[in-house]
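Hi,

Here's the structure I promised to pass on. Have a look at it first, and my notes follow underneath.

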Amino acid sequence: MATDVTSLVATLIARHLTIATAESLTGGALCARLVDVPGASETVRGGVCTYATELKARVLGVDRDHLARTGPVDREVAVEMAAGVARLMGADIALSTTGVAGPGPADGHAAGTVHIACHHPGGVAHRELHLQGSRAEVRRGSVDAALGLLGEVLGVGTPQGV
């Protein structure tokens with residue numbers, strides 16, 4: 001079941017929390033889904049699309065040595081992307097996406113290998129995904145998973161959260 005983006009945005013607004021996104025394989029689609037919701041300007045600070053690996057370091061502050069060792073499809077890269085965009089945009093919460101959309105493998109990872117992270121006041125949450133389908137399906141699934149992770153962090157539908 002897809003996460004209700006309208007409820008997520010309403011929850012962020014009600015809690016006076018701001019959000020930003022750092023995206024690679026999703027190319028801005030995650031931020032676009034958030035701003036599709038009327039009133040999103042009350043919570044969404046902005047988004048950064050760092051599709052090129054070197055921009056993850058230059059713009060978001062991802063450790064260059066780590067990127068050189070692991071490449072961009074990595075847990076720590078996703079975590080640092082989220083922390084970097086939160087800092088850059090002055091946001092309370094930040095989501096990041098990095099991975100391989102396909103159709104073939106890249107950087108030693110199969111298509112559909114994705115890392116998402118959520119930087120939030122209580123810490124950080126991360127998920128590694130192994131999605132199936134076309135390039136468009138992997139990208140869409142990555143956005144859905146990132147929004148789902150935000151819902152978990154906010155406790156939407158669960159008893160705990162930020």
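A quick definition before the strands come up: two strands count as paired if DSSP finds at least two bridges between them. Keep in mind that this is a predicted model.

On to the sheet. It is open and built from five strands, in the order S2-S1-S3-S4-S5, with mixed pairing. Strand S2 (44-49) and strand S5 (123-130) sit at the edges, each pairing on one side only. Between neighbouring strands the average turn is 10°, direction ignored.

S5 pairs with strand S4 (residues 113-120) in the antiparallel sense, over eight bridges. One residue pair to look up there: His120 has Gly123, in S5, as its bridge partner.

Then there's helix H5 (residues 75-89), which packs on the sheet and touches strand S1 (19-23), S2, strand S3 (93-99), S4 and S5. The direction of H5 makes about 140° with that of S3.

What about disulfides, how many does the structure hold? Zero. A disulfide needs two cysteine sulfur atoms within 2.5 Å, and the closest cysteine sulfur to that of Cys49 belongs to Cys31, 10 Å away, so that pair is too far apart for a bond. Cys118 is in no disulfide either: the nearest cysteine sulfur, again that of Cys31, is 14 Å away.

And are those two cysteines buried or exposed? Cys49 is partly exposed, with a relative accessible area of 42%, whereas Cys118 is buried, at 0%.

Cheers

Note on methods:
Residues are numbered from 1 along each chain as its sequence is written. This is a predicted model: local features need pLDDT of at least 70, side-chain atom pairs count only at pLDDT 80 or more; totals for chains, interfaces and linings use all residues. Side-chain values use heavy atoms; hydrogens and water are left out. Buried means under 20% relative accessible area, exposed over 50%, partly exposed in between (1.4 Å probe, protein chains only). Helices (H or I, at least four residues) and strands (E, at least two) are DSSP runs, numbered from the N terminus. Axes are lines fitted to C-alpha atoms, for helices over the stretch in contact, and angles run from 0 to 180 degrees between N-to-C directions. Contact means heavy atoms within 4.5 Å.
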